[in-house]
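Here's a set of exercises to work through with the model open beside you. Try each task yourself, then check the steps.

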Amino acid sequence: MTTMRSSDGGGASRFSVAQCGACGVETDTPSGVCPICADERQYVPADTGQVWTRVADARGGAITLREREPGIWGLVPAGVTGIAQEAKLIVTPGGNVLVDVPAFIDDATVAAIRDLGGIAAIVPTHPHMFGVQSLYADAFEATVWVAEVDAGWLQRRPARLQLWTADVEIVPGVRATQTGGHFPGSAVVHTIGADGAGVLLAGDTIFATPDGGVTFLRSFPNRIPLSAAVVRRVAAHVTDRFAFERLYSNFQLRVPEHADAVVLRSADRYARWVSGEYDHLT
Ligand SMILES: [Zn+2]
Ligand SMILES: [Zn+2]
């Protein structure tokens, strides 16, 4: 991984970009406390306090591309800064879409993505997933689609930034919609799998759970819930628009079948619990 540095298309500038040592999000202003980590949805690590680092400091890290299903690749990080999210690359004839963004980039990753056709567009599902999106955008001359309502969380502005609201078709057959919930502009991305079934890439917006269901939270590390009304709204929003057999969340979690029905069923369970319907069981 260290032999290709001299061919790095971004030159020294790519590796000199600063990022938060905890969430890994890129920044042009590495001073004070990272706004994303200071927010109640994240946290500043108690042991280290706020640390700013540079992409260069993660050299020795790596991203491995793994095909999660035909046409959808996971970018699996190892030894990198940040929360180690697994971004997904949707490969389509009309251009590839990167959903969520690693907090690390190197020449090997760029080359591997280029072998799959590059990146036409980048869609972070919410600000925790900005990663080093401006660097991926520069490497592939890709447009970064950021929810307008959450644009205030950008600490570094991509050169090709497209603010968006509501619903958008990113490339033919790949649609994004803002459900809100985790963030006001939290989004999901829908595509059609090679078998013709709908597939939803849900980031943290809708989060797969070990029992085969999903959950919805304002904060994952701090376990802050959402209300019954919001959870029902998010589930209705996405299932009204899309049919999807499979759902992929962050960290290699997924719902392998009947995912749209699972979302509705899980939302109903959640809403009943936070509404007090089961308080007699507690
Ligand atoms: Zn941070
Ligand atoms: Zn998040």
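**Exercise 1: the first zinc site**

How are the donor residues of the zinc ion (ligand 1) spaced in sequence?

Some housekeeping before the solution: this is a predicted model, where local features need pLDDT of at least 70, side-chain atom pairs count only at pLDDT 80 or more, and totals for chains, interfaces and linings use all residues. Residues are numbered from 1 along each chain as its sequence is written, chains are lettered from A and ligands numbered from 1 in the order in which they are written, and side-chain values use heavy atoms, with hydrogens and water left out.

Step 1. Find the donors, meaning N, O and S atoms within 2.8 Å of the metal (3.2 Å for Na, K and Ca); water is not among the atoms, so sites may look incomplete. For the zinc ion (ligand 1) the protein donors are the SG atoms of Cys20, Cys23, Cys34 and Cys37, at 2.3 to 2.4 Å.

Step 2. Read off the pattern: C-x2-C-x10-C-x2-C.

Step 3. Place two of them. Cysteine 23 is in the loop between β1 (18-20) and β2 (26-27), and cysteine 34 in the loop between β2 and α2, so this pair ties together parts that are eleven residues apart in sequence. (Helices, H or I with at least four residues, and strands, E with at least two, are DSSP runs numbered from the N terminus.)

Step 4. Check the angles. Four donors count as tetrahedral if all angles lie between 85 and 135 degrees; four count as square planar and six as octahedral if opposite donors are over 155 degrees apart and all others between 65 and 115; anything else is irregular. Here the angles are 100 to 119 degrees, which makes the arrangement tetrahedral.

**Exercise 2: the second zinc site**

Which residues coordinate the zinc ion (ligand 2), and is its site irregular or tetrahedral?

Step 1. List the donors: His126 (NE2), His128 (ND1), His182 (NE2) and Asp204 (OD), at 2.1 to 2.3 Å.

Step 2. Write their spacing along the chain: H-x1-H-x53-H-x21-D.

Step 3. See how far the chain travels. Histidine 128 sits in the loop between β8 (121-123) and α4, aspartate 204 in the loop between β14 (198-203) and β15 (207-208), and the two are 76 residues apart.

Step 4. Look at burial (buried means under 20% relative accessible area, exposed over 50%, partly exposed in between, with a 1.4 Å probe and protein chains only). Histidine 128 is buried at 4%, and aspartate 204 is buried at 6%.

Step 5. The four donor atoms make angles of 91 to 149 degrees, and the site is irregular.

**Exercise 3: rings that meet**

What kind of pair do tryptophan 153 and phenylalanine 183 form?

Step 1. Use the rule: rings of Phe, Tyr and Trp (its six-membered ring) pair if their centres lie within 6.5 Å; planes under 30 degrees apart count as stacked, over 60 as edge-to-face and the rest as tilted. That gives four aromatic pairs.

Step 2. For tryptophan 153 and phenylalanine 183, the centres are 5.7 Å apart and the planes are at 85 degrees, so the pair is edge-to-face.

Step 3. Compare surroundings: tryptophan 153 is partly exposed at 21%, while phenylalanine 183 is buried at 1%.

Step 4. Another pair, tryptophan 273 and tyrosine 278, is tilted, with 4.9 Å between centres and 55 degrees between planes.

**Exercise 4: the largest core**

Which residues in the largest nonpolar core touch the most other members?

Step 1. A nonpolar core is a set of buried Ala, Val, Leu, Ile, Met, Phe, Trp, Tyr and Cys residues joined through side-chain atoms within 4.5 Å.

Step 2. The largest one has 37 residues, and Leu75, Leu98, Ile113, Ile119, Ile122 and Tyr136 touch the most other members.

Step 3. By element, α4 gives the most to this core, with four residues.

Step 4. Zoom in on tyrosine 136. Beyond its neighbours within four places in sequence, tyrosine 136 is in contact (heavy atoms within 4.5 Å) with residues including Ile63, Leu98, Phe104 and Ile122.

Step 5. Don't miss the second, separate core of 25 residues, which includes Leu200, Val214, Phe216 and Ala259.
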